[in-house]
Amino acid sequence: MNGGWETCMAAGKAAYRQRRWDRAAQMFEAAIRKAEDFLPEDPRQAHAYTSLGWVYQAQEMYEEACPIFRKALDASARALGPGHPELVRLLKADPEKKRV
């Protein structure tokens, strides 16, 4: 995929809204690969992992979603710091209210 992280995320979000799960996953995976070049504390990696997790969640692929959400949480902890209150909010989040 040509383009940067933002392009991949936008394409993933568009595919998600259209319920094109394979395409959404492909684009969010590309965004994750691009985010690997960012600093460890950059929140874009967490955002890309979270978005990919919601793709799996939407398809009821819970075994696939759980490790992805764990990576998102780990990336969020690096970005925010381990004691940040936002991490508690993420842990308590209701998946039915979340959108990519």
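## Helix packing around Val-55 and Met-9

Beyond its neighbours within four places in sequence, Val-55 is in contact with Tyr-16, Trp-21, Ala-24, Ala-25 and Phe-28. These contacts come from a predicted model.

Val-55 also stands out in the largest nonpolar core. Together with Leu-52, Val-55 has the most contacts inside this core, which has 22 residues. Four elements give two or more residues to the core: α1 (5-17), α2 (21-35), α3 (44-58) and α4 (62-80). The largest share comes from α2, with eight residues.

The overall make-up is simple to state. The protein has five helices and zero strands. From the N terminus on, the order of elements is α-α-α-α-α. The protein has 100 residues, of which 34% count as buried. Take the contacts between residues at least 6 apart in sequence: 48% of them join residues at least 24 apart.

Met-9 gives a second view of the packing. Met-9 lies in helix α1. The relative accessible area of Met-9 is 2%, under the 20% cut-off, so Met-9 counts as buried. With neighbours within four places in sequence set aside, Met-9 is in contact with Phe-28, Ala-31, His-47, Ala-48 and Ser-51. Phe-28 is thus a contact of Met-9 and also of Val-55. Met-9 and Met-27 are 18 residues apart along the chain, and their C-alpha atoms are separated by 6.5 Å.

Next, the pairing of α1 with α2. How are these two helices oriented to each other? They pack at an angle of about 160°. That angle is over 145 degrees, so α1 and α2 are roughly antiparallel. Their axes are 8 Å apart. The crossing in which α1 passes α2 is left-handed.

Many residues take part in this contact, as listed here.

| Helix | Residues in the α1–α2 contact |
|---|---|
| α1 | Trp-5, Cys-8, Met-9, Ala-11, Gly-12, Lys-13, Ala-15, Tyr-16 |
| α2 | Trp-21, Arg-23, Ala-24, Met-27, Phe-28, Ala-30, Ala-31, Lys-34, Ala-35 |

By type, the residues of this contact divide into 13 nonpolar, one polar and three charged.

Several names recur. On the α1 side of the contact are Met-9 and Tyr-16; Tyr-16 is also a contact of Val-55. On the α2 side, Trp-21, Ala-24 and Phe-28 are among the residues that meet α1, and these three also touch Val-55. Ala-31 of α2 belongs to the α1–α2 contact as well, and Ala-31 is one of the residues in contact with Met-9.

Terms used: Residues are numbered from 1 along each chain as its sequence is written. This is a predicted model: local features need pLDDT of at least 70, side-chain atom pairs count only at pLDDT 80 or more; totals for chains, interfaces and linings use all residues. Side-chain values use heavy atoms; hydrogens and water are left out. A nonpolar core is a set of buried Ala, Val, Leu, Ile, Met, Phe, Trp, Tyr and Cys residues joined through side-chain atoms within 4.5 Å. Buried means under 20% relative accessible area, exposed over 50%, partly exposed in between (1.4 Å probe, protein chains only). Contact means heavy atoms within 4.5 Å. Axes are lines fitted to C-alpha atoms, for helices over the stretch in contact, and angles run from 0 to 180 degrees between N-to-C directions. Angles under 35 degrees count as roughly parallel, over 145 as roughly antiparallel, 65 to 115 as roughly perpendicular and the rest as oblique. A crossing is left-handed if the near helix is turned anticlockwise from the far one by less than a right angle, and right-handed if clockwise. Ala, Val, Leu, Ile, Met, Phe, Trp, Tyr, Cys and Pro count as nonpolar, Asp, Glu, Lys and Arg as charged, and the others, Gly among them, as polar.
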